[in-house]
Amino acid sequence: MTVISESVKGMNGYKLHVVKTEKYKTNTLVWKMKAPLEKDTVTLRSLLPHVLQSSSSSYPTTGKLRSYLDELYGATLFVDLSKKGEYHVITVSVEIANEKFLSDQTPLLKKAFQFLAEILTKPNVKGGAFDPDTVEKEKRTLKQRIQSVNDDKMRYSNFRLVQEMCKDEPYALHVHGEKEDVDKITPESLYEYYQQALVQDELDLYVIGDVNEADAESCAGELLSFKERSPKTAPASVGTTRVSVNEVREEQDIKQGKLNIGYRTNVVYGDPEYYALQVFNGIFGGFSHSKLFLNVREKASLAYYVASRLESHKGLMMVMSGIDNSNYDQAVNIIKEQLEAMKNGDFTEQEMEQTKAVIKNQLLETVDTARGIVEVLYHNVVSGKEITLQTWMDEMDKVTKEEITEAAKKVSLDTVYFLTGKEAGK
């Protein structure tokens, strides 16, 4: 089995992570910026990476920037945002060909570093403000991105569940920010926030590919340097345990109801029980052989889709399902029964082994891509723990039936959210 070997080195203001692998014909740089989720900054942070990737000081239009990437043998630039527990993470990735596979031996890794440094540290700025046209264009796109969540009822109902469940917690904020805050952002306020983020965020740079570690360190040291910092940390994520289940019903003009149920798992990534929780979730609702799929969808024919997933850094489990509006009570009851079955140890050795095998395959598939490797390794940065992929798999293999039932017993029902059609009567 391929084990990821990661070397981590402290640089000026950030950590450099090098993963040497001969698996790819490209080299990938992934830059991560992590800060606590906060209402005042979430929308600024959501806009920032999109403005940075649109243009820069040397490439003041998107066309010029993209033409330069084409010159670099079709290198790609990609930005993304994610929520990890109570943190908001900006990702900037550059993927470039490895010159070992080209007739032209131009040192492309250094060019990738130079380009990343250009995007991060030499933005298209004049007089203490980002280019106004770029900011306006990206503000329009951000509003569309936020609106698209409302238009996709599956995503909308999942977001509404989180909003209701984590009402007074930072995690209730949407990863793309708040629509009503977008218009308040100016080219000046965004530039001011950009400078603040580079001073306060926890910064990590991952280099994945068939690279020489010393070369990567030399390029990073020469081209990327930031102030030393003690990054801002989010308060410890403690969810409240409800005395009674929070039931929320919302009506819209839709044909298929969306039933989303939120649980507190009281276990997060890095806890000793985390591996048992993963296997529990797999048997309960994570895969097509799970209890939810077999009992709610297949046997009772109540759901168009049904699955559960964990939010590993926040200690949540969400069940998502699409049902006919009239099947609400029956679906909720069967889902509750499946959790009780797990707490009572009502599952077989075969289900355990099958689930462990599928989780393992999933992990191995994830680390088949450079960005997937980074996602797996970045769990350690967010959690402050050091868990290798090999440890993760070994510990999961050892999980016993008793440990799974103990993990199940820690899971408590928090919120039931139902998005239903207007014509439905309960």
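This is a short talk about salt bridges, surface charge and a few single residues in one protein model.

Hi everyone, and thanks for having me. Before we look around, please keep in mind that this is a predicted model. I'll start with pairs of charged side chains, then move to the surface, and finish with some residues that I'd like you to find on your own screen.

Let's begin with a general idea. Side chains of opposite charge can pair when their charged atoms come close. How many salt bridges does a search of the whole structure find? The search finds 28 salt bridges. I'll walk you through three of them, and then a network.

Here is the first pair. The side chains of Glu38 and Lys232 meet in a salt bridge, with 3.4 Å from N to O. This pair links distant parts of the chain, since the two residues are 194 residues apart. Glu38 sits in the loop between strand E3 (26-36) and H1, while Lys232 sits in the loop between H8 and E9. Are these two residues buried or exposed, or something in between? Glu38 has a relative accessible area of 30%, so Glu38 is partly exposed. Lys232 is partly exposed too, because its relative accessibility is 36%.

Now the second pair, Asp201 and Arg45. Their closest N and O atoms are 2.8 Å apart, and they form a salt bridge. Asp201 is in the loop between helix H7 (187-200) and strand E8 (202-209), and Arg45 is in helix H1, so this salt bridge ties together parts that are 156 residues apart in sequence. Are Asp201 and Arg45 buried or exposed? Both of them are buried.

The third pair is a local one to look at. Glu406 and Lys409 form a salt bridge, and their closest N and O atoms are 3.5 Å apart. Both residues lie in helix H15, three residues apart, which is about one turn of the helix. Glu406 counts as partly exposed because its relative accessibility is 46%. Lys409 has a relative accessible area of 48%, so Lys409 is partly exposed as well.

Salt bridges can also be joined up. Which residues are linked in a network of salt bridges? They are Glu86, Glu169, Arg264, Lys314 and Asp414. Try selecting those five together when you have a moment.

Next, the surface. Glu349, Glu353, Glu402 and Glu403 gather there in a patch of negative charge. Which helices each supply at least two residues of this patch? They are helix H12 (349-366) and helix H15 (401-410). You have met helix H15 already, as the home of Glu406 and Lys409. Let's take one member of the patch, Glu349, which is found in helix H12. Its relative accessibility is 49%, and therefore Glu349 counts as partly exposed.

Now for some single residues, starting with His50 in helix H1 (residues 42-54). His50 has a relative accessible area of 11%, so His50 is buried. Leaving aside residues up to four places away in sequence, His50 touches Val79, Leu81, Glu138 and Arg145.

Compare that with Lys137, which lies in helix H4 (residues 132-151). Lys137 counts as partly exposed because its relative accessibility is 32%. Again leaving aside residues up to four places away in sequence, Lys137 touches Ser54 and Thr62. If you'd like a sense of distance, pick Lys137 and Ile283: their C-alpha atoms are 45 Å apart in space, and the residues are 146 apart in sequence.

Here is another distance to try. Val243 and Ser218 are 25 residues apart along the chain, and their C-alpha atoms are separated by 56 Å. Val243 is in the loop between helix H8 (213-223) and strand E9 (246-252). With a relative accessible area of 89%, Val243 is exposed.

Finally, two residues with a backbone angle to check. Tyr73 has a positive phi of about 55° although it is not a glycine. Where does Tyr73 lie? Tyr73 is in the loop between helix H2 (62-71) and strand E4 (76-84), and Tyr73 is partly exposed, with a relative accessible area of 40%. Asn266 also has a positive phi, near 60°. Asn266 is in the loop between strand E10 (257-264) and helix H9 (274-286), and a relative accessible area of 45% makes Asn266 partly exposed.

That's my tour. Thank you for listening!

How values were computed:
Residues are numbered from 1 along each chain as its sequence is written. This is a predicted model: local features need pLDDT of at least 70, side-chain atom pairs count only at pLDDT 80 or more; totals for chains, interfaces and linings use all residues. Side-chain values use heavy atoms; hydrogens and water are left out. Patches are made of residues with over 30% relative accessible area and no salt bridge: like charges are joined within 9 Å, nonpolar side chains (Val, Leu, Ile, Met, Phe, Trp, Tyr) within 5 Å. Accessible areas come from the Shrake-Rupley method with a 1.4 Å probe; for residues, only the protein chains shown count as cover. A salt bridge is a side-chain nitrogen of Lys or Arg within 4 Å of a carboxyl oxygen of Asp or Glu. Lys and Arg count as positive and Asp and Glu as negative; His and the chain ends are not counted. The place of a charge is taken as NZ of Lys, CZ of Arg, CG of Asp or CD of Glu. Helices (H or I, at least four residues) and strands (E, at least two) are DSSP runs, numbered from the N terminus. Buried means under 20% relative accessible area, exposed over 50%, partly exposed in between (1.4 Å probe, protein chains only). Contact means heavy atoms within 4.5 Å.
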